[in-house]
Amino acid sequence: MNSPTGTVRPAAVIVLAAGEGTRMKSSTPKVLHRIGGRTLVGHAIAAARATGPDHLAVVVRHERDLVAAHVAEVDPKAVIADQDEVKGTGRAAECALEVLPKELEGTVLVTYGDVPLLAADTLHQLVEHHTTSGSAVTVITANLADPTGYGRIIRGGDDAVEGIVEHKDATPEQLAITEINSGIYAFDSDVLRSALAEVTTDNAQGEKYLTDVLAIARAAGRRVSAHLIDDLWQTEGVNDRVQLARLGKELNRRICEKWMREGVTIVDPDTTWVDADVTIGRDATILPGTQLLGPTVVGANATVGPDTTLDGTEVGEGAEVKRTEALLAVIGAGATVGPFSYLRPGTVLGAKGKIGGFVETKNARIGDGAKVPHLTYCGDATIGEGANIGAGTIFANYDGVAKHHTTVGRHSFVGSDSVLIAPVNIADGAYVGAGSAVTGDVDPGQIAVARGQQRNIDGWVARKRAGTKTAAAAEAAERHTPDAGEADQS
């Protein structure tokens, strides 16, 4: 059966994710550590699913419930296989076969949950190579300058794969081999099932090795092939946090390069972090110090950065977002945000709207062309088209028990340093005088002024602040101020 891309599809993919990962020194299972916005096993599942398999199984053991719950979240159609007390990759694959259909026929891929840079295209090529060569087993291999820790590929006289020797079991001569086993295989399903029944734990570690299947297939006269790849990063697994950071940096480099080749300007890729699920439109510009996280979408011709973090945020075409942190927000086409703005979940800024410097928003819908220019907290609010919110305005949405909503109508104006005490409704075409504390609704065409009357008390500084620099300045100013008679004569 052919996949949508025209490649041969595997009958099943098995992802091995049962290991503890002790070298991570973490309470979090190794395969749940993240790079590029996805867990390690999330990357493995994404690559596996892209091959179009009929079935996908993930083998779990360490922190079983945590890993299984995450797998169900990432890929609800994947089935969970529980590895028992018998150790080893061979036993893990055997446990996966037990939860897959007994009548399964065709190619079975086996991958690892800690090899995050493995690409779907490489798995497609593996399946094609395996199928066209008529092999019983095909393994992805690579040549490493330092193959320490990896199983070595043992070639036969016909240059086919004769077997794989684990590093711990290798002789000095075998340790000198630089072609390594990636741990990624394509098996004929019948060969895998029957060979695993013959595999024992008679080795230095007392484990049931998947690699023994290759020797069994070879001994039975079946062809075992190697699919050698040049991109060594795709074979590298994560064992500790140093490797996690190293592969994370390389993944980010590849993601940035992909978007630049798609027509995006990334001014400084070394200081720009883009997650795997981000989408960026053509002719967008990403300035230094920017993080685009989660399923963030940046529209064409938009500019983001510098020093900006967007997580799960949508940026419309031609918008400008600078020195801003935004989480689960929507920024309309042609809108401007920043600098030093904080957009919390539920913020929706309309087309050509503005959220300015030192503004915090939360659960706020700000209409097309509306402006919240600076020094404002805007929470639980609806602001109509073309409205203008003056500097220092506070939407007082919490009464100590519950949150309440404020509405500012179309083309209304709220003066600087005002407090809108929710729930309150300011209608279309209304004004609020600067410095007001508004507790009641304002009707269309009205101006609300809610502030105390100003009083100027003569002599207060001289009486209450005698001897201060302020008092001296006041006294000097009074001496140089002409009285009314002098002013009239001049």
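Contact is taken here to mean heavy atoms within 4.5 Å. The structure described is a predicted model.

The chain is divided into two parts, domain 1 (12-235) and domain 2 (264-448). Taken over C-alpha atoms, the centres of domain 1 and domain 2 are separated by 48 Å.

Helix α6 spans residues 189-196, and its buried residues are S189, V191, L192, A195 and L196. These residues cover an arc of only 165° around the axis and therefore lie on the same side of α6. The elements that cover the buried residues of α6 include two helices, α3 (89-99) and α7 (212-219), together with the strands β6 (107-112), β7 (137-143) and β10 (179-188). At the N-terminal end, α6 is capped by D188, a side-chain oxygen of which lies 3.1 Å from the backbone nitrogen of D190.

Helix α3 is largely enclosed by the rest of the structure, because eight of its 11 residues are buried. The buried residues of α3 are G90, R91, A92, A93, E94, C95, A96 and L97. Packing against these buried residues involves the strands β1 (12-16), β4 (55-60) and β5 (79-82), as well as helix α6. Helix α6 thus appears among the partners of α3, just as α3 is among the elements that cover the buried residues of α6.

Within helix α3, R91 was examined individually. The relative accessible area of R91 is 13%, and since buried denotes a value under 20%, R91 is classed as buried. The side chain of R91 makes a polar contact with the side chain of D84, at 2.4 Å. When neighbours within four places in sequence are left aside, the residues in contact with R91 are Q83, D84, V86, E98 and K208. D84 is accordingly listed among the contacts of R91 and also supplies the side-chain partner of the polar contact.

The largest pocket holds about 1600 Å³ of space. Its lining comprises 50 residues, of which K30, T89, Y112, D114 and N239 are the closest to the pocket centre. Two or more residues of the lining are given by each of α3, β10 and α8 (241-261). The largest share, four residues, comes from β10. Both α3 and β10 therefore recur in the description: each contributes to the lining of the largest pocket, and each is among the elements that cover the buried residues of α6.

Terms used. Residues numbered from 1 in each chain as written. Predicted model: local features only at pLDDT ≥ 70, side-chain atom pairs only at ≥ 80, totals over all residues. Heavy atoms only, no water. Buried < 20%, exposed > 50% of the residue type's maximum accessible area, 1.4 Å probe, protein only. Arc of directions from axis to C-beta. Polar contact = N/O pair within 3.5 Å; in protein donor to acceptor, adjacent residues only side chain to side chain. Domains from an automatic or database assignment. 1 Å grid on protein atoms, 1.4 Å probe; cavity = no way out; pocket = protein on both sides within 12 Å on 5 of 7 lines; lining within 4 Å. Points joined across faces, edges and corners; volume = space filled by probe spheres on them.
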